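Visitor: Could you take me closely through a single part of this model, the disulfide and its surroundings, and then set that part within the rest of the fold? I would like the reasoning spelled out with its cut-offs where they matter.

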Amino acid sequence: MNQQSGRSLIEILGVLTIGAVMIAAAVSLYTSINQRQQRVVALETMKDIANQTKTLMKYSGSYEGVSIEYLIEAGVLKNAKAPIGSDKWRIKPTEKGFVIQLFNLTYDDCAFFATKNIEWASSIVINNNTIQHDTLNPNDEVPIDHKVVIDCSKYCNKQPENTFDFIVE
């Protein structure tokens, strides 16, 4: 009698399928972690920009003339690349301070920034909707009543065309 040992084709396909599912899950997890890290770095970068701009401009008594180009010349920024989103962004003076404006953010980027307590900004504007600090959660990442502090679906668009302003005064 001729006996054969080994795995059947079905068993091999099962192992390959399980492996493919595990790889897909790992890639998805990596992508999610990478995107979150990019958002955290962008938020810290904007905080640094805000603090350095305040320091740079405090002796002039005004933020008149503050812009990306001015901050590059002053050494605050290395280049004109936006911290996140598209390369379209700007920093401009306001009546009492300045604003860091980001354009073409994704829904997830918008939702991330909307649910953070951004202490260095006096208020934020999401797609022309002003949100004051007193409406934000003081515990940063802990949602109030296990809900998102700001209803992102009310302020953030599903298309990657969100505008987010950080008002610094």
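Guide: A residue is called buried when its relative accessible area is under 20%, exposed when that area is over 50%, and partly exposed in between. The model is a predicted one, and by that cut-off Cys110, at 0% relative accessibility, counts as buried. Cys156 has a relative accessibility of 4%, which is under 20%, and therefore counts as buried as well.

These two cysteines are joined to each other by a disulfide, with an S to S distance of 2.0 Å, and a search of the whole structure finds 1 disulfide. In general terms, such a link is a covalent bond between the sulfur atoms of two cysteines. The torsion about the S-S bond of Cys110 and Cys156 is about -75 degrees, so the disulfide is left-handed. Cys110 belongs to helix α3, residues 107-114, while Cys156 sits in the loop between α4 (152-155) and β5 (162-168), so the bond ties together parts that are 46 residues apart in sequence.

Helix α4 also contains Ser153, whose C-alpha is 10.0 Å from that of Cys110, although the two are 43 residues apart in sequence. Unlike the buried cysteine, Ser153 is exposed, because its relative accessible area of 52% is over the 50% limit.

To set this part within the fold, the protein has 4 helices and 5 strands, and along the sequence they follow the pattern α-α-β-β-α-β-β-α-β. Buried residues make up 34% of the 169 residues, and, among contacts with a separation of 6 or more, 60% are between residues 24 or more positions apart.

The largest nonpolar core has 38 residues, and those with the most contacts inside it are Ile91, Ile100, Phe113, Trp120 and Phe166. At least two residues of this core come from each of α1 (9-57), α2 (68-73), β1 (89-93), β2 (98-105), α3, β3 (123-126), α4 and β5. Helix α3, which holds Cys110, is thus one of the elements that supply this core. Phe166 shows how widely such contacts can reach along the sequence: leaving aside its neighbours within four places, the residues in contact with Phe166 include Leu43, Met46, Phe98, Ile100, Phe113, Trp120 and Ile124.

Two further places deserve a careful look at the backbone. Most residues other than glycine have a negative phi. Asn127, which is not a glycine, nevertheless has a positive phi of about 45 degrees, and Asn128, also not a glycine, has a positive phi of about 70 degrees. Asn127 is placed in the loop between β3 and β4 (129-132), and Asn128 likewise has its place in the loop between β3 and β4. Their accessibilities fall into separate classes, since Asn127 at 19% counts as buried, whereas Asn128 at 74% is exposed.

Turning finally to the surface, the protein exposes about 11,100 Å², of which carbon and sulfur atoms supply 53%. A nonpolar patch on that surface is formed by Leu9, Ile10, Ile12, Leu13 and Leu16, which together have about 540 Å² of accessible area. Ile12, found in helix α1, is partly exposed, with a relative accessible area of 41%.

Note on methods:
Residues are numbered from 1 along each chain as its sequence is written. This is a predicted model: local features need pLDDT of at least 70, side-chain atom pairs count only at pLDDT 80 or more; totals for chains, interfaces and linings use all residues. Side-chain values use heavy atoms; hydrogens and water are left out. A disulfide is a pair of cysteine sulfur atoms within 2.5 Å. Buried means under 20% relative accessible area, exposed over 50%, partly exposed in between (1.4 Å probe, protein chains only). A nonpolar core is a set of buried Ala, Val, Leu, Ile, Met, Phe, Trp, Tyr and Cys residues joined through side-chain atoms within 4.5 Å. Contact means heavy atoms within 4.5 Å. Accessible areas come from the Shrake-Rupley method with a 1.4 Å probe; for residues, only the protein chains shown count as cover. Patches are made of residues with over 30% relative accessible area and no salt bridge: like charges are joined within 9 Å, nonpolar side chains (Val, Leu, Ile, Met, Phe, Trp, Tyr) within 5 Å. A salt bridge is a side-chain nitrogen of Lys or Arg within 4 Å of a carboxyl oxygen of Asp or Glu.
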